[in-house]
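Welcome, and please open your viewer. We will make a few stops together, selecting one piece at a time.

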Amino acid sequence: MKPYRIGILGLHHDHVWHSLGELADLPNMEVAAAADPFPELREKFSKVCDAPVSDSYDDVLNRDDLDAVYLYTSNRNATKLAIAAMNRGLHVLVEKPMAADRADAQAMVDAAEANGVRLMINWPFAWWYQLQHAIHLCREGNIGELWQVKYRAAHEGVVLMGHSHYFADWVEDEAQSGGGALIDYCCYGAVLSRVLLGMPESVSGLWGNYYRDDLQVDDNAVITLKYPRAMAIAEASWTQHGKLGAYTPIIYGKTGSFLVVPRLGGALMRCDLEDQKGSAVDVPDPEPHMRGPNEHFIWAIENPGAEMNPLCDPGNCRDSNAILDAGAESARGDSRLVPVTG
């Protein structure tokens, strides 16, 4: 079968290098071209990929041999490029959190629907098999009606954790990213809560610059989501040393609780009244199309009516942007509750 030809728009989102490595191992996908304004990144691309690279995004978008594009630019620029690509009939994969705000996210959803193409948002935790299974079990009612979802995303700083200054320069710039730690890391808890609990009635936010005097954006943030019979908490930190308490989704239901442990070998733990210390849940091997973003993207293109991984669904991700917008609005207004417009 002829491989899907992918154009890469942007190389200054560091997730691109992992993605290029995965694409190189897939026989049914081929990187056809790339573009980025930074010559150093274009040179790096040429060393890892045998495809033309340009300083002009239009050089890639105007090719007539592409099936899809992957976006690895700032949140704000990714929206413009995604819409331009979809208006050319190309399928689009964009990195989380989808967009800088809900308005941009909605414009992307509208473009996908108008052009009949697939739009997928990639989240690193969407491919944790333990989390996939936890979501599946929750939807089956395994721990009863859900009443709380909690997720903390935290690291010691964009550069300190190993990212490049090209990445940090836009992630830490509100005009390009849409904010600071809140949009970059509260987004995980926001989309997980949207998938498991739906849209909240209101959101309260708290943020601040508590540690990084060099930043003009928040380095720590918390948003709380209020539901008629549930609540959720999404935490973000760019100043936490070590991973204690981070990257471990916790889901509470009326008959039990789940703890997702992706590190140290990974596990899905469940506890209830009869097993209060908790036990590991057997996690089955996922279907081939649920094993990673590239496999899922191809599957979504080839099955246009099928439901995506709910964490990657553009409607859910647009709604998570609405949650983040409300959290930011609340944080600006002294942590008052702000209704959510979904």
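Which side chains of strand β11 (residues 250-253) are buried, and which are not? Select the strand in this predicted model and look along it: I251 and G253 point to one face and are buried, while I250 and Y252 point to the other face and are not. This fits a wider pattern: side chains in a regular strand alternate between the two faces of the sheet.

Next, add the neighbours of β11. Strand β7 (residues 146-154) runs antiparallel to β11 and is joined to it by four bridges. Here you can find K150 standing opposite I250. Now select strand β12 (residues 257-261), which is also antiparallel to β11, with three bridges between them. One pair to pick out is Y252 with its bridge partner S257 in β12. Between β11 and β12 lie three residues, and the two strands form a hairpin.

Now move to helix α1 (residues 15-24) and colour its buried residues: V16, W17, S19, L20 and L23. Turn the view until you look down the axis of α1; the buried residues fall within an arc of 160 degrees, so they line one face of the helix. What covers them? Show β1 (4-9), β2 (29-35), α2 (39-48), β4 (68-71) and α10 (293-302), which are among the elements covering these residues.

For the last stop, select D104 in helix α5 (residues 102-115). Is D104 buried or exposed? D104 is buried, because its relative accessible area is 16% and the cut-off for buried is under 20%. Leaving aside residues up to four places away in sequence, display R76, T79 and A99 to see what D104 touches.

Terms used: Residues are numbered from 1 along each chain as its sequence is written. This is a predicted model: local features need pLDDT of at least 70, side-chain atom pairs count only at pLDDT 80 or more; totals for chains, interfaces and linings use all residues. Side-chain values use heavy atoms; hydrogens and water are left out. Buried means under 20% relative accessible area, exposed over 50%, partly exposed in between (1.4 Å probe, protein chains only). Contact means heavy atoms within 4.5 Å. The arc is that of the directions from the helix axis to the C-beta atoms. Two strands pair if DSSP finds at least two bridges between them.
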